[in-house]
Amino acid sequence: MTDQSTSPRLTRRLFLGASAATLGLGLMPAWAQAPAPGKGGILSYNIESDPPNFDLLSNTTSRVLDSIGGCYNGLVQYDPLDPNAIIGDLAESWEVSEDGLTITFHLRQGVKFHDGAPMTSADVKYTFDVTRDPPEGLVSVRKSALSAVSAIDAPDDHTVVFTLSRPSPGLIASLCPNWFSVLPKHVLEQGQMKDVVVGTGPFKLQNYSRGNSLELVRNPDYFDAERPYADAINIYIIPDQASVMAYFRSGQLNVFEGMEATLAHEAERDLATEATVQSAPSLNAIALHFNLAVKPWDDVRVRKAAALAIDRTAAVAVLFKGDAVLGGMSPPSGTWALPDETLHAIPGFAPEQAAGAIDEAKALLAEAGFPEGFETRLVVRRDDRFGPWGVFLQDQLAKVGIKVNLDPQEAATYSETQKAKAYDLHGGNLSIAVDDPDAIFGNQVVSGAGGNYSQISDPAIDALFLAQSQELDPSKRKAMANELEEMILSQYLVYPVAYSFRFLGTRNDVHDYLLHSQTNNNRRMTNVWIG
């Protein structure tokens, strides 16, 4: 059996990628004595809007975890203080069999749900059985993440065994986001948990005033007697970032979640002695998706011409004021990214636009039968992020004779357009749940996948994806994932451009709250202390 209860330490590449999130932490030299965490105090932060409800199975909006993430635990999690390390949560340890077909989790003992019921392996089994195969009346939006699981057994109260139909080395990472929390069987059996919050987490939901605030209070029966440190968490629903900034300045909020870049730089300038601003590259990239089912985007020469027309460095400067990093399909700060020399060797993916790129693009279009260019329709969501991206693309493609008819759409219409693939071009994003090849590629390029906005259907890509998904040797799997990404990018099936930075502001009384690249991680606040 292979012990998987710990993970490798940061490589130099990972450290450099993670350092963007830690530069603002005021880390002390080894000889300095850091203050010891103490109990007490109230953590207060903002969210933009109410969660639609509290159900962890059917929701995708981060508002849910931002609200009640502290009320639950999963089997495993990313370390709150090291976003690249996987540690246990309700599982104290786990083993993966040599053939990769069995994962055995050993659960903590003495864990209780907020209603006093004991948490056992029966709750784990029921939660994940419902997640992968929901009964009628229940909705599970993450069942595909458990597609390799063929059976879940609970041989005793504190042991859970996942049996897989094929090796899935990315499964443990897929279970880390806080969405995969363990729910109480006795409550979930009654139906979807939309209005009730019963978890094992460090905090309990005390009050909810829709449109105003939520209050979480310390769970006195939490399995870790030393945690959480904070007495309570007050979460205020404030749509306007300028208002959030005013509350943060005055100290009425001691955490500013989801800071816009301009306000982050304002806080760095004006509140340097009162607060810290952290930044980290997100796992979401702006991207151009070509609808391969619509001519002329089924021609690789046309797609390559579009890529050559786009000035990537200008995109970062114009759209993000420099607060973004260029990359491919894999997050550039993560484990699986293509080496820079490989990525930059693909025409159209170097940081600086190549001399003669525009002429080469025009020649490719002429070769494809469009010496005078052509017209096409680009759909984007009408908002502050993607509206400007659409205008930028319109301007860039015009340089090579591609006239873009821009179609910005409100959220509801845009969502339906996405589902129907009713566009020539789609100026959206690459949204990655976990830095793992299964998540990076599985929802973006596999035939029929929900996020496959280019309508890619390539047996060679599907086969290589499945092969890497089952490869147990990490170095071989990385090589296969890199080969898969190079195959996709060199055919210009998707054109990812830049990963924006996330920002987090904390007042000086808030300690040990580290910003993660992934929005849905580190929402439990177990280690955060006030003092």
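These legends accompany an overview and several close-up views of a predicted model of one protein chain.

**Figure 1. The whole chain, for orientation before we zoom in.** The fold of the protein chain is built from 16 helices and 20 strands. Its radius of gyration is 24 Å, close to the 24 Å that the globule rule gives for 531 residues, so the chain is as compact as a globular protein of that length. Along the principal axes, the C-alpha atoms occupy a box of roughly 70 × 55 × 50 Å. Of the 531 residues, 54% count as buried. If you like contact maps, note that 71% of the contacts between residues at least 6 apart in sequence join residues at least 24 apart. The accessible surface comes to about 21,700 Å², and carbon and sulfur atoms account for 51% of that area. For those thinking about charges, there are 42 positive and 65 negative side chains, with the centres of the two sets 2 Å apart.

**Figure 2. Helix H6 and the elements it packs against.** Which residues of helix H6 (residues 241-250) are buried? They are Gln241, Val244, Met245 and Phe248. Looking down the helix axis, these buried residues fall within an arc of 100 degrees, so they line one face of H6. Their packing partners include three strands that are well spread along the sequence, namely E2 (42-47), E13 (275-290) and E18 (494-507). Strand E12 (255-256) and helix H7 (261-270) are also among the elements that the buried residues of H6 pack against. Just after the helix comes Gly251, which takes a positive phi of about 90 degrees.

**Figure 3. Phe223 and Pro228 in the loop between E10 and E11.** Phe223 sits in the loop that links strand E10 (213-218) to strand E11 (232-237). Is this side chain buried or exposed? Phe223 counts as partly exposed because its relative accessibility is 24%, and the partly exposed class runs from 20% to 50%. Setting aside neighbours within four places in sequence, Phe223 is in contact with Asn73, Asp89, Leu90, Arg108 and Val111. Its C-alpha atom is 19 Å from that of Cys176, a residue 47 places away along the chain. Pro228 belongs to the loop between E10 and E11 too, and the peptide bond leading into Pro228 from Arg227 is cis, with omega near 0 degrees.

**Figure 4. A cis peptide bond between E13 and H8.** Here the view moves to Pro296, in the loop between E13 and helix H8 (300-309). The bond from Lys295 to Pro296 is cis, with omega near 5 degrees. Such bonds are worth a look, because most peptide bonds are trans.

**Figure 5. Positive phi angles in the loop between E19 and E20.** Most residues other than glycine have a negative phi. Asn522, in the loop between strand E19 (510-511) and strand E20 (529-530), instead has a positive phi of about 55 degrees. Met525 is found in the loop between E19 and E20 as well, and its phi is positive at about 60 degrees. Asn522 counts as buried at 11% relative accessibility, and Met525 counts as buried at 2%.

**Figure 6. Asn482 and its contacts.** Asn482 is part of helix H16 (residues 474-490). Why does Asn482 count as buried? Its relative accessible area is 12%, and buried means under 20%. Beyond residues up to four places away in sequence, Asn482 touches Trp336, Ala337, Leu338 and Pro339.

Note on methods. Residues are numbered from 1 along each chain as its sequence is written. This is a predicted model: local features need pLDDT of at least 70, side-chain atom pairs count only at pLDDT 80 or more; totals for chains, interfaces and linings use all residues. Side-chain values use heavy atoms; hydrogens and water are left out. Helices (H or I, at least four residues) and strands (E, at least two) are DSSP runs, numbered from the N terminus. Buried means under 20% relative accessible area, exposed over 50%, partly exposed in between (1.4 Å probe, protein chains only). Contact means heavy atoms within 4.5 Å. The arc is that of the directions from the helix axis to the C-beta atoms. The radius of gyration is taken over C-alpha atoms; the globule rule is 2.2 Å times the number of residues to the power 0.38. Accessible areas come from the Shrake-Rupley method with a 1.4 Å probe; for residues, only the protein chains shown count as cover. Lys and Arg count as positive and Asp and Glu as negative; His and the chain ends are not counted. The place of a charge is taken as NZ of Lys, CZ of Arg, CG of Asp or CD of Glu.
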